[in-house]
Amino acid sequence: MARFRTWVSIAVAGALGLSLAGCSSTGGKRAEDARKSQAAQGRAAVDTPRWTFAMITHSGDGDTFWDIVQNGAKQAATKDNINFLYSHNEEANQQAQLVDAAVDKKVDGIIVTLAKPDAMKSALARAEKAGIPVITVNSGSEIYKKYGAITHIGQDETIAGEAVGKELNKRGKKKALCVLHEQGNVGHEQRCEGAKKAFDGKMTNLYVEGTNMPDVQSSIEAKLQSDTSIDSVVTLGAPFAATAVKAKEDASSKAEVDTFDLNDKVAQGLKDGDLGFAVDQQPYLQGYEAVDLLWLYRYNANVLGGGLPVLTGPEIVTKDQAAKLQEFTKRGTR
């Protein structure tokens, strides 16, 4: 059912985009040819006003996951004639200040993550009072309504965690390590809790300082050296998978490294057999849909989800799918 909502979202957005293009020009084949030409040149496919949408995330510097989210958002912004603004800060209070700044600018829509929701209450209340529509992405699926967002786009982190636990069971794993790289991130806690719930073996949490990769590597390595019965390591972000592989090698461990999220390095790692599986939540789709749904809301008061989040994952990706997906990871859209 969740997947149905997701693909309905894409179909509706695409169909409306095409329809608007046809109505905005002279009609018929000439209008369609003009629309295709505009799209090929990176020009808008609609004639609505140039609204400004701000996306503010909890990303730290250099997190490639958010590059993929932005790629989707920017492509939708081009199609929908949107002035797209992006900013981020891993510190919750700083992220809230960025939301306040967007409200002060009187933007036409806000896209925000709720990884550390308590700090965002006041800023999002200001946005609601100012009449600025808000969509949450990636994190906040269980609380977005309380914060006044019209919908949420992402994956249910508990369900994603449960998918990991079930996959570990299929692989016959008995003892796993769940590596949390960001203290206080509600979604990360939900991932590990979900994995523990579904995993038949024993899973232990390991908290690391995600902004310090040498520290991440040494922490995982030390854990694997101290407990040689650990047969799987689960990282919660693609950039940390390669670091876990190095830690495993240095510890002379035979544990399998698995990870949440997908990028080109993870796809290559799956092909090479360095990684067991990845959990893809389709970040490109999160960015694209967030912009497109805000545009639909401004243009036509459309809201997707029927009161439930619009889910973009989870999808388990293994070596069998990696070769095909790498065509898309190389261009930064998966």
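## Reading a predicted model, from Ser253 outward

Colleague: Leaving aside its neighbours within four places in sequence, which residues is Ser253 in contact with?

Modeller: Three residues: Ser253 is in contact with Leu224, Ile230 and Lys248 once those sequence neighbours are set aside. Keep in mind that this is a predicted model.

Colleague: Where is the place of Ser253 in the chain?

Modeller: Ser253 sits in the loop between α9 and β9, and β9 covers residues 256-260.

Colleague: Is Ser253 buried or exposed?

Modeller: Start with the cut-offs. Buried means under 20% relative accessible area, and exposed means over 50%. Ser253 has a relative accessible area of 16%, so Ser253 is buried. Now try Ser252, in the loop between α9 and β9. Its relative accessible area is 65%, so Ser252 counts as exposed.

Colleague: What is the phi of Ser252?

Modeller: About 55 degrees. That is a positive phi, although Ser252 is not a glycine. Asn138 is another case to look up. Its phi is near 70 degrees, again positive in a residue other than glycine. Asn138 lies in the loop between β4 (134-137) and β5 (151-154). With a relative accessible area of 6%, Asn138 is buried.

Colleague: On to backbone geometry. Which peptide bond is cis?

Modeller: The bond from Gly313 to Pro314 is cis, with omega near 10 degrees. Look for Pro314 in the loop between β11 (310-311) and β12 (315-317).

Colleague: Let us turn to the strand after Ser253. How many of the five residues of β9 are buried?

Modeller: Five of the five, so β9 is largely enclosed by the rest of the structure.

Colleague: Which residues are on each side of β9?

Modeller: The general idea comes before the case. In a regular strand, side chains alternate between the two faces of the sheet. In β9, one side has Glu256, Asp258 and Phe260. The other side has Val257 and Thr259. Both faces are covered, and all these residues are buried.

Colleague: How many bridges join β8 to β9, and in what sense do they run?

Modeller: Four bridges join β8, residues 232-235, to β9, and the two strands run parallel. Take one bridge as an example. Val234 has Asp258 of β9 as its bridge partner. Then follow the chain: it goes from β8 through α9 to β9, a right-handed β-α-β crossover.

Colleague: How many bridges pair β9 with β10?

Modeller: Two, and the pairing is parallel; β10 covers residues 278-280. Here the bridge partner of Phe260 is Val279 in β10. The chain passes from β9 through α10 to β10, and this β-α-β crossover is right-handed.

Colleague: Now the pockets. What volume does the largest pocket have?

Modeller: About 610 Å³. Its lining has 35 residues, and nearest the centre lie Gly60, Asp63, His181, Glu182 and Phe240. Three elements give two or more residues to this lining: α3 (64-79), α7 (186-198) and α9 (238-250).

Colleague: How does the lining of the largest pocket divide by class?

Modeller: Nine residues are nonpolar, 16 are polar and 10 are charged.

Colleague: How much space lies in the second largest pocket?

Modeller: About 340 Å³. Its lining has 19 residues, and Pro239, Ala241, Ala242, Thr243 and Lys265 are the closest to its centre. The elements that give two or more residues to this lining are α8 (213-226), α9 and α10 (264-272).

Colleague: Which element gives the largest share of the lining of the second largest pocket?

Modeller: Helix α9, with seven residues. By class, the lining has nine nonpolar, six polar and four charged residues.

Colleague: Pick one lining residue. Where is Ala242 found?

Modeller: Ala242 is in helix α9. Its relative accessibility is 38%, so Ala242 counts as partly exposed. Ala242 also shows how the fold brings distant parts of the sequence together. Asp274 is 32 residues away in sequence, and the C-alpha to C-alpha distance is 8.6 Å.

Colleague: Last, the whole chain. How many helices and strands are there?

Modeller: The protein chain has 12 helices and 12 strands. Of its 334 residues, 54% are buried. Consider contacts between residues at least 6 apart in sequence: 73% of them join residues at least 24 apart.

Note on methods
Residues numbered from 1 in each chain as written. Predicted model: local features only at pLDDT ≥ 70, side-chain atom pairs only at ≥ 80, totals over all residues. Heavy atoms only, no water. 1 Å grid on protein atoms, 1.4 Å probe; cavity = no way out; pocket = protein on both sides within 12 Å on 5 of 7 lines; lining within 4 Å. Points joined across faces, edges and corners; volume = space filled by probe spheres on them. Nonpolar A, V, L, I, M, F, W, Y, C, P; charged D, E, K, R; others polar. Buried < 20%, exposed > 50% of the residue type's maximum accessible area, 1.4 Å probe, protein only. Contact = heavy atoms within 4.5 Å. Pairing = 2+ DSSP bridges. Right-handed = clockwise from strand over helix to strand, strands pointing away.
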